[in-house]
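Have the viewer open and a pencil ready. The exercises below each set a task and then walk through a solution.

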Amino acid sequence: MKDAISKYYFASKPLLESLPSGDLILLRERLKLLRVVKGKELFQEGSYPKGVYILKRGKVKIYQRTQNGSEQIVYIYTPGEMFGYRPLLCKGKHPTSAQTLEECGIYVLSKEDFFHVLTKSTRLSTILLQNLSHEFTVLVNHIASFSQKSTRERIALCLLILQEKYRKPNQNQVEITLSRSDLASFAGTTHETVARAISRFKSENVLQIRERKIVIINQDLLHALIE
């Protein structure tokens, strides 16, 4: 079942576990670890990048503002992932904003240090190229999904994606702590619509609510909706 939704989210081995020892030493010498509170904006859409980020713990949402001022979450990053490097590579501005969803530990690498390591590490260059290619595919699949699926189907898909994003090693039941507002932003709908969908899924014994956390107990129905 996991394979059925893998094309909708980016899952790979954490960056710091993917580099050879020499490259890792070169990178770690330049990383600065910051403790960042929940709700902190890391960069704004339209701003010039000053560096890149590697998430050690916590979660970060990447989003855009629509013409009516609402928020559309494009992606959610989890520990091990690097982000913020695309505009550096193309010498452009950030196409999205980034904000922490919970208290995070984030490694920061300055623009100058990023390019220094990139010129020295062939493996890092290869990883980033692969990431860009895969994330483009994920984005295309998201766009196609949003244009073809109903709101209920999109919410089902987002719940399955979030289940994998929040999953810890060897964990069966996953607690999704994303707020209803952020879930609505991720699914491209309203808070009220998400609330009704969650209530209906709960009555159908698809999920449970435990201290405002969502736990999926029947994946089959959700998968049936998105197929």
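What follows is a set of three exercises on strands, a cavity and a pocket.

This is a predicted model: local features need pLDDT of at least 70, side-chain atom pairs count only at pLDDT 80 or more, and totals for chains, interfaces and linings use all residues. Residues are numbered from 1 along each chain as its sequence is written, and side-chain values use heavy atoms, with hydrogens and water left out.

**Exercise 1. Trace the open sheet and find its edges.**

Step 1: Take strands as DSSP runs of E with at least two residues, and helices as runs of H or I with at least four, numbered from the N terminus. Two strands pair if DSSP finds at least two bridges between them.

Step 2: Four strands then line up as β2-β7-β4-β5, with antiparallel pairing, in an open sheet. β2 (41-43) and β5 are the edges; each has a single partner strand, so one side of each lacks a neighbour in the sheet. On average, neighbouring strands here are turned by 30° against each other, direction ignored (axes are lines fitted to C-alpha atoms, for helices over the stretch in contact, and angles run from 0 to 180 degrees between N-to-C directions).

Step 3: Check one edge. β2 and β7 (residues 97-100) are joined by two bridges, and Glu41 has Gln99 as its bridge partner in β7.

**Exercise 2. Find the partners of β3 and say why this strand is largely enclosed.**

Step 1: β3 (residues 51-57) runs antiparallel to β8 (residues 104-110), with six bridges between them. Arg57 faces Gly105 of β8.

Step 2: Two bridges also pair β3 with β6 (residues 82-83), again in the antiparallel sense; here Ile54 is opposite Met82.

Step 3: Five of the seven residues of β3 are buried, so the rest of the structure largely encloses this strand. Buried means under 20% relative accessible area, for a 1.4 Å probe and protein chains only.

**Exercise 3. Describe the second largest pocket and its lining.**

Step 1: A pocket is an open set of points on a 1 Å grid over the protein atoms alone, with protein on both sides within 12 Å along at least five of seven lines; lining residues have an atom within 4 Å of a point.

Step 2: The second largest pocket holds about 450 Å³ of space, a volume being the space filled by probe spheres set on points joined across faces, edges and corners.

Step 3: Its lining has 20 residues, with Val74, Tyr77, Arg86, Glu135 and Leu139 nearest the centre. α5 (122-148) is among the contributing elements and gives the most, six residues.

Technical notes. Buried < 20%, exposed > 50% of the residue type's maximum accessible area, 1.4 Å probe, protein only. 1 Å grid on protein atoms, 1.4 Å probe; cavity = no way out; pocket = protein on both sides within 12 Å on 5 of 7 lines; lining within 4 Å.
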